[in-house]
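Work through the exercises below with the model open beside you. Try each task before you read its solution.

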Amino acid sequence: VGIQMPYLPGLSPELAVKLFDYIAAQSQAASGVSAADVQKEKEKAEARQTLFLVGRQLFLGKKSREKNAPACLSCHELNGISKFPGGSFATNLSFAFTELNGRENAIQWFQNPPTEIFKGEALQDFHRLTEEESTAVVAYLEKAEDMPYEYNPWLRMRFALASLIGAGIIGFCIGFRIRKK
């Protein structure tokens with residue numbers, strides 16, 4: 001791992017793939033791992049990657065959820081990413097996978113969250129993730145724990161500027177109203 005293949009003039013991408021496949025086959029034969037086992041692991045890795053990508057799309061709102069429920073990012077923060085620059089409205093999910101003790105517990109929790117906001121039946125049904133959505137979002141959260149924190153000071157500054165401008169407008173309106181009397 002971490003070793004880069006040297007530049008070989010005349011080595012086409014097709015020939016490089018064939019060379020890589022040959023080396024992989026020789027390594028498998030030497031290790032006693034069958035090609036079927038390698039294929040199964042490759043398929044599992046591809047399925048995990050697909051789940052991760054779907055979970056990411058659901059979390060960020062790039063893929064619609066059932067019942068047109070809002071994206072997770074609408075309320076939650078993850079590794080410094082938040083829809084609202086002043087913070088998030090709900091729990092930071094950066095370490096939710098570990099805090100919920102792994103995949104199965106996290107999937108169950110997201111399907112039936114025991115928090116106060118979900119006590120009302122209508123709200124709970126609207127926000128509750130389906131089994132497929134839960135599985136995908138948990139796959140995303142599992143990998144997200146290893147992702148770097150994405151601190152963006154501009155988001156915080158934008159929130160502060162908007163707050164100051166809003167306060168200024170309110171102050172101007174109050175002052176204008178007082179002077180008018």
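**Exercise 1. Describe the fold.**
Task: state what pattern the protein chain follows along the sequence.

Solution. Read along the sequence, the pattern is α-α-α-α-α-α-α. In numbers, that comes to 7 helices and 0 strands. Helices (H or I, at least four residues) and strands (E, at least two) are DSSP runs, numbered from the N terminus.

Before going on, note the ground rules. This is a predicted model, in which local features need pLDDT of at least 70 and side-chain atom pairs count only at pLDDT 80 or more, while totals for chains, interfaces and linings use all residues. Residues are numbered from 1 along each chain as its sequence is written, and side-chain values use heavy atoms, with hydrogens and water left out.

**Exercise 2. Check a helix length.**
Task: find how far apart the end C-alpha atoms of helix 1 are, and compare with the expected span.

Solution. Helix 1 covers residues 13-31, which is 19 residues. The expected span is 1.5 Å times one less than the number of residues. For helix 1 that gives 27 Å. The end C-alpha atoms are 27 Å apart, so the two values agree. Just after helix 1, Gly32 takes a positive phi of about 85 degrees.

Now repeat the check for helix 6. It has 14 residues, so it should span 20 Å. Its end C-alpha atoms are 20 Å apart, which agrees.

**Exercise 3. Look inside helix 6.**
Task: decide whether Glu133 is buried or exposed.

Solution. First, place the residue: Glu133 sits in helix 6, residues 131-144. Next, recall the cut-offs: buried means under 20% relative accessible area, exposed over 50%, partly exposed in between (1.4 Å probe, protein chains only). Glu133 has 7% relative accessibility, so it counts as buried.

Then list its neighbours. A contact means heavy atoms within 4.5 Å. Leaving out residues up to four places away in sequence, Glu133 touches Leu58, Arg65, Glu66 and Arg128.

Finally, widen the view. Other buried residues of helix 6 include Val137, Tyr140 and Leu141. Their cover includes helix 2 (35-60), helix 3 (96-99) and helix 4 (103-111). For the whole protein chain, buried residues make up 24% of the 181 residues.

**Exercise 4. Explain the missing disulfide.**
Task: explain why Cys72 forms no bond with Cys75.

Solution. A disulfide is a pair of cysteine sulfur atoms within 2.5 Å. The closest cysteine sulfur to that of Cys72 is in Cys75, 9.1 Å away, so it is too far for a bond. The structure holds 0 disulfides. Compare the surroundings too. Cys72 is buried, at 10% relative accessible area, whereas Cys75 is partly exposed, at 29%.

Leu73 lies in the loop between helix 2 and helix 3. Leu73 has 11% relative accessibility and counts as buried. Leu73 and Phe59 are 14 residues apart in sequence, yet 5.7 Å apart in space, C-alpha to C-alpha.

**Exercise 5. Inspect the surface.**
Task: name which residues form a nonpolar patch on the surface.

Solution. The patch consists of Leu161, Leu164, Ile165 and Ile169. Together they have about 410 Å² of accessible area, from the Shrake-Rupley method with a 1.4 Å probe, where for residues only the protein chains shown count as cover. Leu161 belongs to helix 7, residues 153-180. Leu161 is partly exposed, with a relative accessible area of 40%. An α-helix has 3.6 residues a turn, so residues three or four places apart point the same way.

Terms used:
Patches are made of residues with over 30% relative accessible area and no salt bridge: like charges are joined within 9 Å, nonpolar side chains (Val, Leu, Ile, Met, Phe, Trp, Tyr) within 5 Å. A salt bridge is a side-chain nitrogen of Lys or Arg within 4 Å of a carboxyl oxygen of Asp or Glu.
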